[in-house]
Amino acid sequence: AASMELPPSQYPAARAAALATGYLCYRRGGPGLGLALRHVRRARRQDIDDVGHKYHLELVLEDVLDKDSTVNCTAEVLYHLGNKHIAPDVQFTIEGELKNTDEADNTFYNRIKSLDKELVAENIPDSHGNVSPEMEPIHLLAWVASGYVIWQNSTENTKFQLACIKHVKQVKRSDEYLEFDYTILLHEMVSQEIIPWQMTVLWHPQHGVQVTQDSRQLKPTWE
Amino acid sequence: DQVLHIVPETFQQVQHLQHLCSTLPLDLWKPLLPEDIWAGKDLHIRIPAPLVQEIKDSLDQHMISYKVLIPDVQELVDWSMPRESSHRQVPEGYVYTQYHPMEEIYQWMTQIQKSNAELVTQHYLGKTMENRTMYYLKISQPSDKTKKIIWMDCGIHAREWISPAFCQWFVKEILQNYKSDPKISRFLQNLDLYVLPVLNIDGYIYSWEKDRLWRKNRSPHMNGTCYGTDLNRNFNSAWGSIGVSYNCSSEIFCGSGPESEPETRAVAQFIERKKSDILCYLTIHSYGQYILTPYGSTPKPPSNSEELMHVAQKAAAALMGKYGTRYEVGSTSLILYSNSGSSRDWAHTIGIPFSYTFELRDKGTHGFVLPPDQIQPTCEETM
C-alpha cells in the first residue's frame with residue numbers, strides 16, 4: 001500500500017513518535033541516560049491490508065539531563081489491526097553515538113550495592129518538580145523502564161508519558177542484578193487520566209534495563 | 001543583601017570569582033564550594049549589603065556579567081514568614097521563580113494593586129464551588145478613549161502549576177516595564193489587559209494539599225462519592241458532544257450541563273457582557289508546547305482561520321527566538337484530540353476573533369511537574 005505524508009505536528013504522528021521514543025529509550029537508556037522526544041521532523045503512514053498501520057518517522061531526541069544534546073533517529077511503528085493485545089512492532093536506527101555512561105553507571109551500581117538497607121523513596125519528582133541529584137539515576141531508571149510499559153500499552157488512540165514515581169523500593173537479590181519495585185503514575189494525554197502502574201525493574205551496567213513484571217493498578221479514591 | 005546570578009565564561013573569570021569567595025564573606029548558594037565553580041555553570045551567590053557595590057564594581061572591572069536574582073534577601077525572608085501587615089512592595093519581595101499556594105496568590109493580588117494603583121485594579125468575578133472568591137486584575141492606563149480588551153486566564157486545570165506562575169510573571173513584567181519599554185507602553189495606550197491568575201481555585205488548592213495531579217474543579221457528584229468537573233469541557237460550545245465523558249470519575253467529565261459549574265459561569269457571564277470589546281481571549285495551560293486555535297470539536301477551520309494561524313505562527317517564531325523552544329501551532333482537533341466545551345472554542349463562537357490556548361513547557365519530560373528553574377525561561381519566552 002502506498003504511504004501518505006503526515007503533518008509532523010499533528011496527533012497521529014505525535015502519538016506514534018511518543019511510542020517509538022518510549023521503546024527506544026527502554027532499549028538504549030539506563031540510570032545515566034534518558035531520552036525524550038524533541039520533535040518530529042517527518043512522518044509517513046502506510047495502511048497495510050489485513051495487517052495494520054505502519055508509521056515511518058524521523059525524530060529528534062534529546063538527552064533528558066542535557067537538553068542541548070540531541071540525536072536524530074528514524075523509527076518504524078506498526079500498530080496491529082484488530083483488538084488483539086499485541087504490542088506494536090517498533091524498529092529504529094540512531095544516527096551517531098549515544099553518550100557513554102559507563103562511569104556513571106558503575107558509580108550508581110556500587111553506591112546501591114553498598115547500601116546497608118534497601119533503598120526506599122517516594123514522590124520523585126516532588127510536587128515542585130525537583131529531583132535530588134542522588135535520586136536522579138532512580139528517576140531515569142523509571143523513565144527508561146516506563147518506555148516498556150508505554151510501548152506495550154499504546155494504541156493509535158493513546159499517548160502516554162511518565163508523570164512521576166509514587167513509590168520505589170529496592171528488592172534484595174543474591175545475584176549481581178539490581179532490582180527495584182516501582183509504582184509510577186502515567187499520564188495519558190487523550191483521556192487526561194493519571195494511571196498508577198506497578199513495574200519490577202532489573203538493571204545491571206552490562207545488561208541494560210529489563211521490566212520483568214508490570215501491572216496496571218486501580219486509582220485510589222481519596223474521598 | 002542581594003543574590004547574584006553569574007555564568008562565568010572563562011577560566012580567568014572563574015579564578016577571580018574563587019578569589020572573591022576566599023577573601024570576602026560571600027555566601028555561595030550554588031555551587032556550595034568555590035572549587036566547584038566552573039566556566040559555563042550557573043553561579044548563585046549572596047552578597048552582604050555593605051559589599052554589594054564593591055562586588056558589582058569588581059565584576060564590571062573583570063567584564064563578568066551578572067543578573068540580580070534576588071534584589072533584597074531580607075524582604076524575601078520577611079515575605080515568606082506569616083505576617084499580618086501587608087505593606088510590602090510586592091514586585092521586589094515576591095519570588096516569581098517559585099510556585100505559590102493560593103493564599104500567597106491572593107496576597108500578591110492585593111499587593112500588586114496597592115503598589116500599582118495608577119494602573120491596576122482588582123475586581124470580583126464570582127465564587128467557586130467551595131465558596132472562594134475569584135478575582136481578576138485589570139491593567140489599564142487611564143485615558144479618555146474606550147480600549148479594546150485582551151483577556152487571559154490561567155489555572156483552569158489545577159495541576160498545571162506553570163500556568164498561574166505565568167500569569168503572575170506576566171503582570172509583573174508589564175508593571176515593571178511599562179514606563180521603560182516602548183512596546184509595552186504603546187500596547188497599554190490602546191489596550192486593556194484583564195488577567196485571571198487562577199480560574200480553578202478549589203482545584204489548585206487541592207493540588208497543593210491532597211493530590212498534585214488533580215485536574216478538575218471540586219464539585220461533588222453522586223452524593224459526594226465522586227468529585228470534579230473538567231472546567232475546560234464545561235463551556236457552551238458543542239457541549240458534551242465529543243472528547244468528553246459523562247462519568248464523574250473521568251478526568252474529562254463535562255459536568256451535568258453546559259456552564260453547570262460556578263467557575264465556568266463566572267467567566268462566561270463576564271466575557272459575554274464585555275464581548276464586543278474583547279479582541280483576544282487567551283487561556284494558559286500546560287504541557288506540550290503548543291499554540292492551539294479553534295476548534296476542538298471539529299477539524300473544520302473557523303472563519304478567520306488564516307489570520308488566526310498567521311498571528312499564532314508569528315508568536316511561535318518570536319517564542320522560539322528567545323531560547324530555541326519549539327511550539328507547534330494548529331487547531332486542537334488536529335494537533336491533540338477532539339474535545340468539546342472548551343473555553344477557547346466558546347470565546348470564538350460568541351464572536352471574539354482571536355482566541356488561543358497556550359500549552360506551555362515542556363513536552364513531557366517533566367510534564368505537569370515542571371521544576372521551578374524552568375519558570376523564568378518559560379515565562380520569558382512566552383512573554
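A salt bridge is taken here as a side-chain nitrogen of Lys or Arg lying within 4 Å of a carboxyl oxygen of Asp or Glu. By that rule, zero salt bridges are found across the interface of domain 1 of chain A and domain 2 of chain A. The model is a predicted one, and the interface between its two domains is the subject of this passage.

Chain A splits into domain 1, covering 3–94, and domain 2, covering 101–216. Taken over C-alpha atoms, the centres of the two domains are 21 Å apart. Contact between them involves 25 residues of domain 1 and 26 residues of domain 2. About 2,100 Å² is buried between domain 1 and domain 2 of chain A, and carbon and sulfur atoms give 68% of this area. On the side of domain 1, three residues stand out: Arg15(A), Tyr26(A) and Pro31(A) supply 38% of the area that this domain buries against domain 2, more than any other three residues.

Although the salt-bridge count is zero, polar contacts do occur: six residue pairs, both members at pLDDT 80 or more, are in polar contact between the two domains. As for secondary structure, the elements of chain A giving two or more residues to the side of domain 1 that touches domain 2 are helix 1 (11–28), strand 2 (35–48) and strand 3 (52–63). Helix 1 of chain A gives the most to that side, with eight residues. Sorted by class, the side of domain 1 that touches domain 2 holds 17 nonpolar, six polar and two charged residues.

Definitions and conventions
Residues are numbered from 1 along each chain as its sequence is written. Chains are lettered from A and ligands numbered from 1 in the order in which they are written. This is a predicted model: local features need pLDDT of at least 70, side-chain atom pairs count only at pLDDT 80 or more; totals for chains, interfaces and linings use all residues. Side-chain values use heavy atoms; hydrogens and water are left out. Domain bounds come from an automatic or database domain assignment. Contact means heavy atoms within 4.5 Å. Buried area is the accessible area (1.4 Å probe) that two parts lose on being put together, summed over both. A polar contact is a pair of N or O atoms within 3.5 Å; within protein, one must be able to donate a hydrogen and the other to accept it, and residues adjacent in sequence count only if both atoms are side-chain atoms. Helices (H or I, at least four residues) and strands (E, at least two) are DSSP runs, numbered from the N terminus. Ala, Val, Leu, Ile, Met, Phe, Trp, Tyr, Cys and Pro count as nonpolar, Asp, Glu, Lys and Arg as charged, and the others, Gly among them, as polar.
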